[in-house]
Amino acid sequence: MIEILDNREHENTAYGDLMGYDAYYWGARKHVSWSAWSNEVSLINLGDFEGNAAP
């Protein structure tokens with residue numbers, strides 16, 4: 001059985017300011033964070049790891 005999971009994007013804010021975005025790609029087990037301060041990718045996680053489980 002193939003389980004299809006939705007990709008999710010989460011907006012990170014602190015004290016009303018946009019800090020960046022987190023994008024989760026559940027099927028591929030990837031997590032990417034984008035920083036609004038430096039306008040670049042600040043984190044990439046690939047593969048199975050704690051915290052990258054589907055909701």
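**View 1. Ser-35 meets its partner across two strands.** In this predicted model, Ser-35 stands opposite Glu-40, a residue of β4. The two strands to look for here are β3, which covers residues 30-35, and β4, which covers residues 40-46. They run antiparallel and are joined by 6 bridges. As general background, strands of a sheet pair through backbone hydrogen bonds, in either a parallel or an antiparallel way.

**View 2. A hairpin links β1 and β2.** Now move to the strands β1 (8-14) and β2 (residues 17-25). Here 7 bridges hold the pair in register, and the strands run antiparallel. A handy landmark is Asn-12, which stands opposite Gly-20 in β2. How many residues lie between β1 and β2 in the hairpin? There are 2, and Tyr-15 in this turn has a positive phi of about 55 degrees.

**View 3. His-31 and its polar contacts.** Let us return to β3 (residues 30-35), the strand in which His-31 lies. Is His-31 buried or exposed? His-31 has a relative accessible area of 10%, so it counts as buried, the cut-off being under 20%. Its side chain makes a polar contact of 3.3 Å with the side chain of Asp-22. A polar contact of 3.4 Å also joins the side chains of His-31 and Ser-33. Asp-22 falls within β2, the strand of residues 17-25, while Ser-33 falls within β3, the strand of residues 30-35.

**View 4. Four strands side by side.** Here the view widens to the sheet. In which order do the strands sit? The open sheet follows the order β1-β2-β3-β4, with antiparallel pairing. At its edges are β1 (8-14) and β4 (40-46), each of which pairs on one side only. Ignoring direction, neighbouring strands of this sheet are turned against each other by 20 degrees on average.

**View 5. The chain as a whole.** To finish, step back and follow the chain from the N terminus: its elements run β-β-β-β. The secondary structure amounts to 4 strands and 0 helices. The chain has 55 residues, of which 16% count as buried; His-31, met above, is a buried residue. About 4500 Å² of the chain is exposed, and carbon and sulfur atoms supply 52% of that area. Among contacts between residues at least 6 apart in sequence, 9% join residues at least 24 apart.

Definitions and conventions. Residues numbered from 1 in each chain as written. Predicted model: local features only at pLDDT ≥ 70, side-chain atom pairs only at ≥ 80, totals over all residues. Heavy atoms only, no water. Buried < 20%, exposed > 50% of the residue type's maximum accessible area, 1.4 Å probe, protein only. Polar contact = N/O pair within 3.5 Å; in protein donor to acceptor, adjacent residues only side chain to side chain. Contact = heavy atoms within 4.5 Å. Areas by Shrake-Rupley, 256 points an atom, 1.4 Å probe, with all protein chains shown as cover. Pairing = 2+ DSSP bridges. Axes fitted to C-alpha atoms, helices over the stretch in contact; angles between N-to-C directions.
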